[in-house]
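Trainee: Hi! I'm new to this one, could you walk me through it?
Mentor: Happy to, let's put it on the screen.

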Amino acid sequence: MEKIQSLKGMSDILPPEVYLWQYVEEEARELFARYGYKEIRTPLLEESALFNRSIGEGTDIVNKEMYSFIDKGGRNIALRPEGTAPIVRSFIQHNIDPQDLVKLYYMGPMFRSERPQKGRSRQFHQIGAEAIGPSGPHVDAGVIFLMKKLLLKIGINGFEVKLNSLGCSGDKKKFAEALRKHLLRENSRLCDDCNARLDKNVLRILDCKAESCRALVRNSPKAKDFLCAGCAGHYAKVKELLAKHTPVEYKEDENIVRGLDYYTGAVFEVTHAAMGAQDAIAAGGRYDNLMGDFGGKRAGAIGFAIGVERLIMALPPEKREEILTERNRQLDLFAVTTSSAVYDAAYTVIENLRDKEDILCDINYDAGRSLKSQMNLANKKNARFTAIFGDEELKKGEVALRNMKTKEQKNARLDRIYEDLKSELKRV
Ligand code: HAM
């Protein structure tokens, strides 16, 4: 029968690689807690309309990439392509009061049916944070600090924060109109995708990778020239705060517009040289209209999401090794038996030793296996010691402890096996 494989673009995360994931998640939880962010878990499936109306009908995510389908009950539902819209939905559904800043974080799988390549998969994972409530520039700066501190805490360096402001929806609209007007004059030089974007989502032309489009965009109108006084002041203050604290080195990049429609105000991306074409390891921005658009109380909102696969790819090799060595605990003791008659006794000893948190023990699970093959197994498992259970020793209440490296062997009393093993482990 043909073997069933995982779906294209959807990967298993196996040990020892999974230790890197656990490390990243634990570091993130610790920092989020310190910043007063609480975890939220939303369902993987939502009504498609949630994403159509927030990310936007004209976007690649909704048009081409969303796993949306009609379920057996005739509902149009989608696997979540991102975490922000579900959080806004949940916020409103549970009448959470945004008067005080509500700080939430999440981690988990997202789904986009993109063409898989390095750093791009169909099931990928994000660690994200959203701050909903007051909308002053200190909130923007705080979210960007948090994102930067998280990357540094995890051990990522050499990343670059790129920042832009799209302004409020009025500013964004004026900017989009000016950009459309400008590009319409030269539309024959735009790629086919961008020609379609002229009508549907003109801002996306700014981050097209095609050289002809990039050349056109270089002299096109810039978002900052369309900011109203309020938005310009807000953006200036955010930049001042970023420069003053930590400091966050950032580069203003007028072509950062983001591929989701809900953004207004500050938008940012974090890129890393190790990534190649898919170089954004994190991204985010303000989305002050989303709460109101979905029928909730009007509230400011800003957040970011880090792509975990890309984050792990950006870990420096020495950090990667350090995490794997630390987490891939070596087996301290492996129990082997000289005959199946003593297997139950050995099994009980190991089961009791497992109550001790500071040692890692295991036993061979095939009672009929020869001693030689059990010793090979102990070597394969890289055990530091073996406990060799034999008939004669057991009768005396003893077991042989063998140091697998030096091959030294000595008998230990069964009722002191933990203490003896601990002192032997200290010696090596
Ligand atoms: P996004 O830019 O679509 O933003 O995704 C954020 C990050 O997720 C990207 O920078 C990238 O690292 C990762 N990512 C996206 N698609 C893939 C993929 N196919 N394979 C691997 N990694 C991927 C959002 O999702 C917004 N919800 C971020 C946000 C939060 N804005 C405000 N709050």
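Mentor: Let's begin with an open sheet of three strands, ordered β2-β4-β3, where the pairing is antiparallel. Keep in mind that this is a predicted model.

Trainee: Okay, which strands are at the edges of that sheet?
Mentor: Those are β2, residues 45-47, and β3, residues 68-70, and each of them pairs on one side only. On average, neighbouring strands here are turned by 35 degrees against each other, ignoring direction.

Trainee: And how many bridges are there between β2 and β4?
Mentor: Three bridges, in the antiparallel sense, with β4 covering residues 76-79. To find one of the partners, look at E47, which is bridged to I77 in β4.

Trainee: Switching topic: what is the strand order in the sheet with five strands?
Mentor: The order is β13-β12-β14-β15-β16, in an open sheet with mixed pairing. Its edge strands are β13 (361-363) and β16, and each pairs on one side only. Neighbouring strands of this sheet are turned by 30 degrees against each other on average, again with direction ignored.

Trainee: How do β15 and β16 run, parallel or antiparallel?
Mentor: They run antiparallel, and five bridges join β15, residues 398-403, to β16, residues 409-413. Along that pair, E398 has R413 as its bridge partner, while V399 stands opposite A412.

Trainee: What links the two?
Mentor: They form a hairpin, with five residues between the strands. In the turn you will find K407, whose phi is positive at about 70 degrees.

Trainee: Where else is there a positive phi in a residue other than glycine?
Mentor: Try N382, where phi is near 60 degrees. N382 sits in the loop between α14 and β14. For background, most residues other than glycine have a negative phi, and most peptide bonds are trans.

Trainee: So which peptide bond is cis?
Mentor: The one from P15 to P16 is cis, with omega near 5 degrees. You'll find P16 in the segment before α1.

Trainee: Back to the five strands. Which strands does α14 lie across?
Mentor: Helix α14, residues 371-380, lies across β12 (333-337), β14 (385-389) and β15, and runs at about 170 degrees to β12. Helix α16, residues 417-427, lies across β12, β14, β15 and β16, at about 145 degrees to β16.

Trainee: And α1, at what angle does that pack against α12?
Mentor: At about 100 degrees, with the axes 9 Å apart; α1 is residues 17-34 and α12 is residues 317-327. That angle makes α1 roughly perpendicular to α12.

Trainee: Which residues meet there?
Mentor: From α1 there are E17, Y19, L20, Q22, Y23 and E26, and they meet K319, R320, I323, L324 and R327 of α12. By type, the contact divides into five nonpolar, one polar and five charged residues.

Trainee: Last topic, the ligand. Which residues come nearest?
Mentor: There are 27 residues around the ligand, and E82, E114, E130, R258 and Y263 come nearest.

Trainee: How far is the side chain of E82 from a nitrogen atom of the ligand?
Mentor: An N or O atom in the E82 side chain is 2.6 Å from a ligand nitrogen. T84 has a polar side-chain atom 2.9 Å from a nitrogen atom of the ligand. For F304, a backbone N or O atom lies 3.4 Å from a ligand nitrogen.

Trainee: Great, thanks for the tour!

Note on methods: Residues are numbered from 1 along each chain as its sequence is written. This is a predicted model: local features need pLDDT of at least 70, side-chain atom pairs count only at pLDDT 80 or more; totals for chains, interfaces and linings use all residues. Side-chain values use heavy atoms; hydrogens and water are left out. Two strands pair if DSSP finds at least two bridges between them. Helices (H or I, at least four residues) and strands (E, at least two) are DSSP runs, numbered from the N terminus. Axes are lines fitted to C-alpha atoms, for helices over the stretch in contact, and angles run from 0 to 180 degrees between N-to-C directions. Contact means heavy atoms within 4.5 Å. Angles under 35 degrees count as roughly parallel, over 145 as roughly antiparallel, 65 to 115 as roughly perpendicular and the rest as oblique. Ala, Val, Leu, Ile, Met, Phe, Trp, Tyr, Cys and Pro count as nonpolar, Asp, Glu, Lys and Arg as charged, and the others, Gly among them, as polar. A residue is near a molecule or strand if one of its heavy atoms lies within 4 Å of it. A polar contact is a pair of N or O atoms within 3.5 Å; within protein, one must be able to donate a hydrogen and the other to accept it, and residues adjacent in sequence count only if both atoms are side-chain atoms.
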